[in-house]
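This report introduces a single protein chain to a reader who has not met it before. The sequence and the structure are shown first, and the description comes after them.

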Amino acid sequence: MKSTVLSGIRATGKLHLGNYLGAVKGMLELQDKDDFQTYYMVADLHTVTTPYEKTTLRGSIRNIIIDYLSAGLDPQKSTLFIQSMVHEHIELSYYFSTVTTVAKMQHVTTFKDKVKQHPEHVTMALLNYPVLMSADILLYKASLVPVGIDQEPHLEIAREVARRMNQEYGTSFPEPRRFATKGEYVPSLSGEGKMSKSVEGSYINLTDSHEEITKKIRSIPTATVAGGELTGGLRSLFSFAELFLPDQVENYRNAFQKGTLKFVELKDAVADAIYHDLESIQEKHRAVEQNISFVDDVIADGAQRARLIASKTLQEVKEKMGMPL
Ligand code: ADP
Ligand code: TRP
């Protein structure tokens with residue numbers, strides 16, 4: 001029996017290097033192994049849990065599918081779909097909310113962060129975010145979830161929901177684990193916190209040109225601190241070197257310790273290596289973007305394939321819960 005994998009990304013903007021290294025690379029790795037059945041979605045229902053732009057949402061959702069295809073996700077190997085097109089996600093999340101306490105949800109760290117970010121927008125949908133994410137995963141009985149380390153609190157909730165459902169109703173949900181990649185935490189260009197769409201100046205987009213990447217990497221603050229400590233921007237720069245120049249990073253580190261490192265040389269080498277990795281994705285992006293009917297087909301076909309599994313799980317849950325079928 002193949003194990004099942006599910007992951008998703010919200011449609012909140014263009015994908016950046018953090019999304020690519022922390023999530024998409026893991027999705028690619030698992031798609032290409034024979035013993036996994038892979039489901040990758042656009043989490044548009046999660047997108048609307050925080051303020052968003054109505055007029056551009058549909059385009060942003062489609063762009064994530066285009067980004068997935070450009071990065072190498074293959075509809076022949078993976079089911080690529082849009083979450084809201086498979087209604088069972090919402091329905092299962094409702095049933096899951098019957099085994100989830102409000103107090104537990106109010107303590108989730110990501111919820112508390114969002115409350116701070118949008119104090120005037122603390123909705124039921126936001127509180128329910130981890131329950132819906134549990135439904136996304138468990139609807140396909142996925143046991144492995146390729147996401148960045150920041151999603152760990154949500155996976156903990158998914159495991160708890162699975163346990164509770166199994167105890168209360170005798171279902172047989174697996175307890176899903178995170179599939180970690182080398183880039184599970186990509187730091188911000190500013191040197192503070194993680195690279196994130198919502199922090200201007202923190203990220204490199206997958207569609208950035210060579211010049212843009214060079215400019216952004218050169219702007220990483222690398223003023224040295226006494227004692228040769230790797231902190232702030234310097235630490236970010238060395239993290240990028242580790243990820244993109246794994247064979248040379250030791251030499252750069254030694255040069256830094258000896259005080260002979262020319263920062264601009266390291267920065268330009270890192271920028272070149274990043275661009276080198278992104279070049280083929282960008283080429284594919286230009287081709288996929290033009291092929292409107294192919295993208296339409298992927299979306300329609302993905303929803304159909306996802307519904308097949310989703311409806312079966314939902315029926316099982318309703319049956320076990322004593323609901324009319
Ligand atoms: P953002 O924080 O930029 O809005 P999302 O929350 O949409 O990104 O995350 C989408 C996926 O990318 C998730 O799996 C998340 O863990 C991963 N991810 C986001 N930022 C990073 C990062 N800086 N490093 C590693 N993975 C990340
Ligand atoms: N919460 C995830 C993020 O912010 C997106 C997401 C929604 C997801 N449902 C999921 C990720 C299910 C993995 C599995 O990136």
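The text below treats the chain as a whole, then two helices, and then several individual residues.

**Basis of the description**

This is a predicted model, in which local features need pLDDT of at least 70 and side-chain atom pairs count only at pLDDT 80 or more, while totals for chains, interfaces and linings use all residues. Residues are numbered from 1 along each chain as its sequence is written, chains are lettered from A and ligands numbered from 1 in the order in which they are written, and side-chain values use heavy atoms, with hydrogens and water left out.

**The chain as a whole**

The chain contains 14 helices and five strands; helices (H or I, at least four residues) and strands (E, at least two) are DSSP runs numbered from the N terminus. Its radius of gyration is 21 Å, close to the 20 Å that the globule rule gives for 325 residues, so the chain is as compact as a globular protein of that length. The radius is taken over C-alpha atoms, and the globule rule is 2.2 Å times the number of residues to the power 0.38. The C-alpha trace spans about 75 × 45 × 40 Å along its principal axes.

Of the 325 residues in the chain, 50% are buried. Here buried means under 20% relative accessible area, exposed means over 50%, and partly exposed lies in between (1.4 Å probe, protein chains only). The accessible surface comes to about 16000 Å², and carbon and sulfur atoms provide 50% of that surface. These areas come from the Shrake-Rupley method with a 1.4 Å probe; for residues, only the protein chains shown count as cover.

Among the contacts in the chain with a separation of 6 or more, 76% join residues 24 or more positions apart, a contact being heavy atoms within 4.5 Å.

**Two helices with a buried side**

Which residues of helix 10 are buried? In this helix, residues 210–218, the buried residues are I213, T214 and I217. They cover an arc of only 100° around the axis, which puts them on the same side of helix 10; the arc is that of the directions from the helix axis to the C-beta atoms. E211 and K215 are exposed on the face turned away from that buried side. The buried residues of helix 10 pack against helix 11 (232–244) and helix 13 (263–290).

Helix 6 (residues 109–117) has T110, F111 and K114 as buried residues. These residues cover an arc of only 100° around the axis, and therefore they are on the same side of helix 6. Their cover includes helix 5 (102–106), helix 7 (124–127) and helix 9 (152–169).

**Individual residues**

The following table places five residues and gives their relative accessible areas.

| Residue | Location | Relative accessible area |
|---|---|---|
| K141 | loop between helix 8 (129–138) and strand 4 (144–146) | 27%, partly exposed |
| P176 | loop between helix 9 and strand 5 (177–179) | 0%, buried |
| S70 | helix 3 (residues 54–71) | 4%, buried |
| S84 | loop between strand 3 (78–82) and helix 4 (88–97) | 29%, partly exposed |
| S3 | strand 1 (residues 3–9) | 28%, partly exposed |

K141 is notable for its backbone: its phi is positive, about 50°, although K141 is not a glycine.

What does P176 contact beyond its neighbours within four places in sequence? The residues in contact with P176 are I137, L138, A142, S143, V145, A158 and R159. P176 and S134, 42 residues apart in sequence, have their C-alpha atoms 9.2 Å apart in space.

With residues up to four places away in sequence not counted, S70 touches I281, K284 and H285. On the same basis, S84 touches D44 and L45. The C-alpha atoms of S84 and D44 are 6.4 Å apart, while the two residues are 40 positions apart in sequence.

S3 touches D35, F36, Q37 and S143, again leaving out residues up to four places away in sequence. Between the C-alpha atoms of S3 and S93 the separation is 22 Å, and these residues are 90 residues apart along the chain.
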